[in-house]
Amino acid sequence: MMDPTRAILGTYGQVFIDGNWQTNINHLEASVEVEKRELKLAGSEWTVHKLGAKKGTGTMSGYKVTSDMLRRGFAKFDVINKLADPEAYGFERIRLINCVADKLQLANWTAGEEVAEETAFTFEGYELLDPIVAS
């Protein structure tokens with residue numbers, strides 16, 4: 001039976017861009033999609049699949065505090081995602097390699113409200129630096 005205290009809360013998530021902790025970021029999503037090619041083989045009634053190219057996409061968002069993303073422009077950067085809930089079995093760090101913003105948000109504000117900033121990006125690889133392993 002699962003121990004509910006081991007469920008990881010996003011509250012403890014951290015984002016590092018090129019090694020610098022981004023305390024203003026409160027949401028990160030990243031995923032890898034693989035292209036599959038269908039193969040139909042003689043003598044088999046099943047369609048089989050050959051793995052093709054992979055595509056990494058992501059989005060990070062939070063409060064606008066600096067102009068760092070605008071200054072970075074479309075230059076490549078690395079992101080390290082860290083989840084470290086103190087009740088979890090450990091912490092997880094994943095490095096997203098060669099990230100590039102899809103577009104730059106130049107303005108998006110409303111009087112009386114905090115200014116949010118969202119950056120969609122692609123990446124060209126990932127590395128699991130620290131896995132969480134149940135003990």
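**Notes on salt bridges, rings, pockets and backbone**

1. Glutamate 35 comes out as partly exposed, with a relative accessibility of 38%. That value falls in between the two cut-offs, under 20% for buried and over 50% for exposed, so glutamate 35 gets the middle label. Keep in mind as you read on that this is a predicted model. The partner of glutamate 35 is arginine 37: the two form a salt bridge, and their closest N and O atoms are 2.9 Å apart.

2. A little further along the numbering there is another salt bridge, made by glutamate 38 and lysine 40, with 3.5 Å between the closest N and O atoms. Are these two residues buried or exposed? Both glutamate 38 and lysine 40 are exposed. For the overall tally, searching the whole structure turns up nine salt bridges.

3. The salt bridge I'd look at next is aspartate 78 with arginine 95, where the closest N and O atoms are 2.8 Å apart. This pair ties together distant parts of the chain: aspartate 78 belongs to strand β5 and arginine 95 to strand β6 (residues 92-101), with the two residues 17 apart. Aspartate 78 has 18% relative accessibility, so it counts as buried. Arginine 95, at 26%, is therefore put down as partly exposed. There is a third member too: salt bridges with shared partners join Asp78, Arg95 and Glu127 into one network.

4. On to the rings. How many aromatic pairs does a search of the whole structure find? It finds three. Phe77, Phe121 and Phe123 are linked into a cluster by ring pairs. Phenylalanine 77 also has a charged neighbour, since arginine 72 lies over the face of its ring, 5.2 Å from the ring centre. A second contact of this kind involves tyrosine 89: the charged end of arginine 6 sits over that ring, at 4.2 Å from its centre.

5. Now the open spaces. The largest pocket has a volume of about 200 Å³. Its lining has 17 residues, and those nearest the centre of the pocket are Gln22, Asn24, Ile25, Thr66 and Glu117. Three elements, β4 (47-63), α1 (68-72) and β7 (116-123), each put at least two residues into that lining. What is the mix of classes around this pocket? The lining splits into six nonpolar, seven polar and four charged residues.

6. The second largest pocket comes in at about 160 Å³. Gly10, Gly13, Gln14, Val15, Gln22, Ile25, Asn26, His27, Leu28, Asn81 and Leu83 line this second pocket. Gln22 and Ile25 turn up in the lining of the largest pocket and again in the lining of the second largest. At least two lining residues each come from β1 (13-17), β3 (25-40) and β5 (77-83), and β3 gives the largest share, with four residues. As for chemistry, the lining has no charged residues; it has four nonpolar and seven polar ones.

7. If you're after enclosed space, the structure holds one cavity of 30 Å³ or more. The largest cavity has a volume of about 40 Å³. Its lining is made of Met69, Leu70, Lys103, Leu104, Gln105, Glu117 and Thr119, and the elements that contribute two or more of these residues are α1 and β7. By class, that gives three nonpolar, two polar and two charged residues. Glu117 lines the cavity and is also among the residues nearest the centre of the largest pocket.

8. Last, the backbone. Most residues other than glycine have a negative phi. Aspartate 18 goes the other way, with a positive phi of about 50° although it is not a glycine. Where is aspartate 18 placed? It is in the loop between β1 and β2 (20-21). At 45% relative accessibility, aspartate 18 is partly exposed.

9. Asparagine 98 is another residue other than glycine with a positive phi, here near 55°. Its place is in strand β6, the strand that also holds arginine 95 of the salt bridge in point 3. Asparagine 98 has a relative accessibility of 29%, so it is counted as partly exposed.

Conventions
Residues are numbered from 1 along each chain as its sequence is written. This is a predicted model: local features need pLDDT of at least 70, side-chain atom pairs count only at pLDDT 80 or more; totals for chains, interfaces and linings use all residues. Side-chain values use heavy atoms; hydrogens and water are left out. Rings of Phe, Tyr and Trp (its six-membered ring) pair if their centres lie within 6.5 Å; planes under 30 degrees apart count as stacked, over 60 as edge-to-face and the rest as tilted. A charge sits over a ring if NZ of Lys or CZ of Arg is within 6 Å of the ring centre and within 35 degrees of the ring normal. On a 1 Å grid over the protein atoms alone, a cavity is a set of points where a 1.4 Å probe fits but cannot get out, and a pocket is an open set with protein on both sides within 12 Å along at least five of seven lines; lining residues have an atom within 4 Å of a point. Grid points are joined across faces, edges and corners, and a volume is the space filled by probe spheres set on the points. Ala, Val, Leu, Ile, Met, Phe, Trp, Tyr, Cys and Pro count as nonpolar, Asp, Glu, Lys and Arg as charged, and the others, Gly among them, as polar. A salt bridge is a side-chain nitrogen of Lys or Arg within 4 Å of a carboxyl oxygen of Asp or Glu. Buried means under 20% relative accessible area, exposed over 50%, partly exposed in between (1.4 Å probe, protein chains only).
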